[in-house]
Structures are given as structure tokens and as C-alpha cells.
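Please work through the exercises below with the sequence and the coordinates at hand. Each task is followed by a solution in steps.

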Amino acid sequence: MKIFVAGAGGVIGRFLVPQLVKAGHEVIGTTRSERNRDVIRAMGAEALPVDVFNREAVFAALRQVQPDVVMHQLTSLGEMNFAENARIRVEGTRNLVDAAKAVGVGRMIAQSIAWTYEPGDGPADETVPLDVDAPMPRKSTVDAVAALEQAVAEIPQHVILRYGMFYGPGTWYDRGGVMAENVREQKLPATDGITSFLHVADAAHAAVLALDWPTGVVNIVDDEPAAGTDWLAVYAEALGAPEPIHQPGANRGERGATNAKARNEYGWKPLYPTWRSGFGLSE
């Protein structure tokens, strides 16, 4: 297939594009960075400079490529620019979806997140509603995710991947990442909040498999949702950092998510089933 990957030079894209190329697909990847254009080409894909906020440029790119599938892996999380990330989810997704519809793209696979569910007991499955009644600032994230998912659902065949919290190379939790630095300086307390993690290699692998998955939303998280009081100590030890400070309590919606649908219905198996082993890897 001819696959248009928006955000091909990002953390997921760098794992995803080589897998798509190896599988025999023709891959065209977008980036706003001149440096990433060379990275995309080195992975065996064609590189297109496209700013997702430039609606005319997005339409022109889709008209030029005429892809079979659009993969939406755009974020601005590497720079921790949360306002721009929300804008990507709302405005950027709108531009991608409208351009895809204009050229007759029948399938889209998009990155979402698995920690915007309503509060409740136990890990959330895909039937749990998004937390649209959340107070600010959480509401801004939930609303942006809802806008992304509603737009993507306009494509006849679509798979929305609700990813867990990324760790691995190039992420906040990489050995040189911002979270690692915070843990070394004991700035990140161990709370009772539950997080579902996901290694970036598993995120990319799921996106490749999603080419053949049925339409709908699916949680892509590891097997072990965990409280900060459990995972943070393991992470700190892997970094050789001091023991984290315990801070009782949790933020709204910190309940984790279950991957039962992906595992049982789609046959997806994470390469890194638990953060316990993943954190200990040399990254």
C-alpha cells in the first residue's frame, strides 16, 4: 500500500517507518524539520516538508501523494509544548481528515491516549466514556482528544490507538529525558495514581498491525497498570537515582487502562509486557 505517515520523524515514526518499508509498503513521511527529512529518507521513505497547520499545504500534499492509508502520528510532546499538542489534535487532525476525505482516502490510523477516561474503579476499557466533564486543566486535554477522535471517525475505515504513557528511546523516560532528570533530582513524587505504560516499539508495532484491524478504538498499553508507589521505585533503581519521595493521593482519572481488547480480539502481544522489564533495558 501507499502510506502517508504524518509525523514520520517523531519518536514513534522512527520505529514505525522502517517496519512499514520492510513490509513492502511505499511510505511518504511528513515533517516540519529539515533535519528530520534526512532521517526519513535514511529509513527508506520519501520525505515531504508539510506543516499540518497550513491547511492548503496539507491538501496539496494529499493530492500529490494519493495514499491508500493516512497514519496520524503527529505530536509536539518532545518539546513538552502542550498548547501546540492540543492544537495538533484539534486543528491539525481536522486538516488531515478533510484533505484525506477530499482525495478519497478510505482508511486512517491515528494516535490517541489512554488516560482521558472518566474516573472509576479499575483499569478502563474502551467502553468507558472520555472524561468530558473534567475540570481545567485536564479538560483541555480531554476536549482535544475528543476532537481528534471525532474527526478521525469521519473516515470510513479508521483505527484509533489509545496509547499508554510512552517510555523508551527518545521519550521523556529515556535515560536522558526530562522525567529521568526529575527522578534523579527527586522532583517526581511516588503517588497512588495508576499509569499504564507502553514502550515506543510496541506503539509502532501496533500501528503496523492496525492496517488490518477493524474500525474502532483500542487501548494499546502494557499488561500491568501500576501505581506510582510501585513503578517509580523500579524506574529510579534502573536509573541509579535516589529513592522517590512518597506523596499520598492521585490525580483525577489516574486509573490505568486494560489491553484485553487488543490481546483477546486482535491478537496483539506487547514486546515489552511490563514496565518492570522495560525500565531495566539499556536505552
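The exercises concern a predicted model and proceed from the whole chain to single residues.

**Exercise 1. Overall form**

Task: Determine how many helices and strands the protein chain has, and judge its radius of gyration against the globule rule.

Solution.
Step 1. The secondary structure of the protein chain consists of ten helices and eleven strands.
Step 2. For 283 residues the globule rule gives 19 Å, and the radius of gyration is 18 Å; the two values are close, so the chain is as compact as a globular protein of that length.
Step 3. The C-alpha trace extends over about 55 × 40 × 35 Å along its principal axes.
Step 4. Of the 283 residues, 53% are buried.
Step 5. Take the contacts between residues at least 6 apart in sequence: 77% of them join residues at least 24 apart.

**Exercise 2. Surface and charge**

Task: State what area the protein chain exposes and what percentage carbon and sulfur atoms supply, then describe its charged side chains.

Solution.
Step 1. The exposed area is about 12,100 Å².
Step 2. Carbon and sulfur atoms supply 51% of that area.
Step 3. There are 26 positive and 35 negative side chains.
Step 4. The centre of the positive set and the centre of the negative set lie 5 Å apart.

**Exercise 3. The nonpolar cores**

Task: Identify the residues with the most contacts inside the largest nonpolar core, and name the element that gives the largest share of this core.

Solution.
Step 1. The largest nonpolar core has 34 residues, and those with the most contacts inside it are Leu 16, Leu 20, Met 71, Leu 161, Trp 213 and Ile 220.
Step 2. Two or more residues of this core come from each of strand 1 (2–6), helix 1 (13–22), strand 4 (69–72), strand 6 (157–163), helix 7 (200–209) and strand 10 (216–220).
Step 3. Helix 7 provides the largest share, six residues.
Step 4. Apart from this core lies another one, of 29 residues, including Phe 59, Ala 110, Val 152 and Ile 160.
Step 5. For Leu 161, leaving out residues up to four places away in sequence, the contacts include Ile 109, Ala 110, Ala 206, Trp 213, Val 218 and Ile 220.

**Exercise 4. Backbone exceptions**

Task: Find which residues a cis peptide bond joins, and locate Gln 66 and Gln 186 with their phi values.

Solution.
Step 1. The background is that most residues other than glycine have a negative phi, and most peptide bonds are trans.
Step 2. The bond between Met 136 and Pro 137 is cis, with omega about 5°.
Step 3. Pro 137 belongs to the loop between strand 5 (107–113) and helix 5 (138–152).
Step 4. Gln 66 has a positive phi of about 50° and sits in the loop between helix 3 (55–65) and strand 4.
Step 5. Gln 186 also has a positive phi, near 55°, and sits in the loop between helix 6 (178–184) and strand 8 (194–195).
Step 6. The relative accessible area is 42% for Gln 66, which is partly exposed, and 37% for Gln 186, which is partly exposed as well.

**Exercise 5. Three residues in their surroundings**

Task: Are Val 103, Asn 36 and Ile 88 buried or exposed, and what does each touch?

Solution.
Step 1. The cut-off for buried is under 20% relative accessible area.
Step 2. Val 103, in the loop between helix 4 (82–102) and strand 5, has 18% relative accessibility and therefore counts as buried.
Step 3. Beyond four places in sequence, Val 103 touches Leu 62, Arg 63 and Gln 66. Its C-alpha atom is separated by 32 Å from that of Pro 129, 26 residues apart along the chain.
Step 4. Asn 36 lies in helix 2 (residues 34–42); at 11% relative accessible area, Asn 36 is buried.
Step 5. Not counting residues up to four places away in sequence, Asn 36 touches Gly 9, Arg 14 and Thr 31. Between the C-alpha atoms of Asn 36 and Pro 273, 237 residues apart along the chain, the separation is 30 Å.
Step 6. Ile 88 is in helix 4 and is buried, with a relative accessible area of 2%.
Step 7. With neighbours within four places in sequence set aside, Ile 88 is in contact with Phe 53, His 72, Leu 74, Thr 75, Ser 76 and Thr 93. The C-alpha atoms of Ile 88 and Leu 161, 73 residues apart along the chain, are separated by 16 Å.

Conventions
Residues are numbered from 1 along each chain as its sequence is written. This is a predicted model: local features need pLDDT of at least 70, side-chain atom pairs count only at pLDDT 80 or more; totals for chains, interfaces and linings use all residues. Side-chain values use heavy atoms; hydrogens and water are left out. Helices (H or I, at least four residues) and strands (E, at least two) are DSSP runs, numbered from the N terminus. The radius of gyration is taken over C-alpha atoms; the globule rule is 2.2 Å times the number of residues to the power 0.38. Buried means under 20% relative accessible area, exposed over 50%, partly exposed in between (1.4 Å probe, protein chains only). Contact means heavy atoms within 4.5 Å. Accessible areas come from the Shrake-Rupley method with a 1.4 Å probe; for residues, only the protein chains shown count as cover. Lys and Arg count as positive and Asp and Glu as negative; His and the chain ends are not counted. The place of a charge is taken as NZ of Lys, CZ of Arg, CG of Asp or CD of Glu. A nonpolar core is a set of buried Ala, Val, Leu, Ile, Met, Phe, Trp, Tyr and Cys residues joined through side-chain atoms within 4.5 Å.
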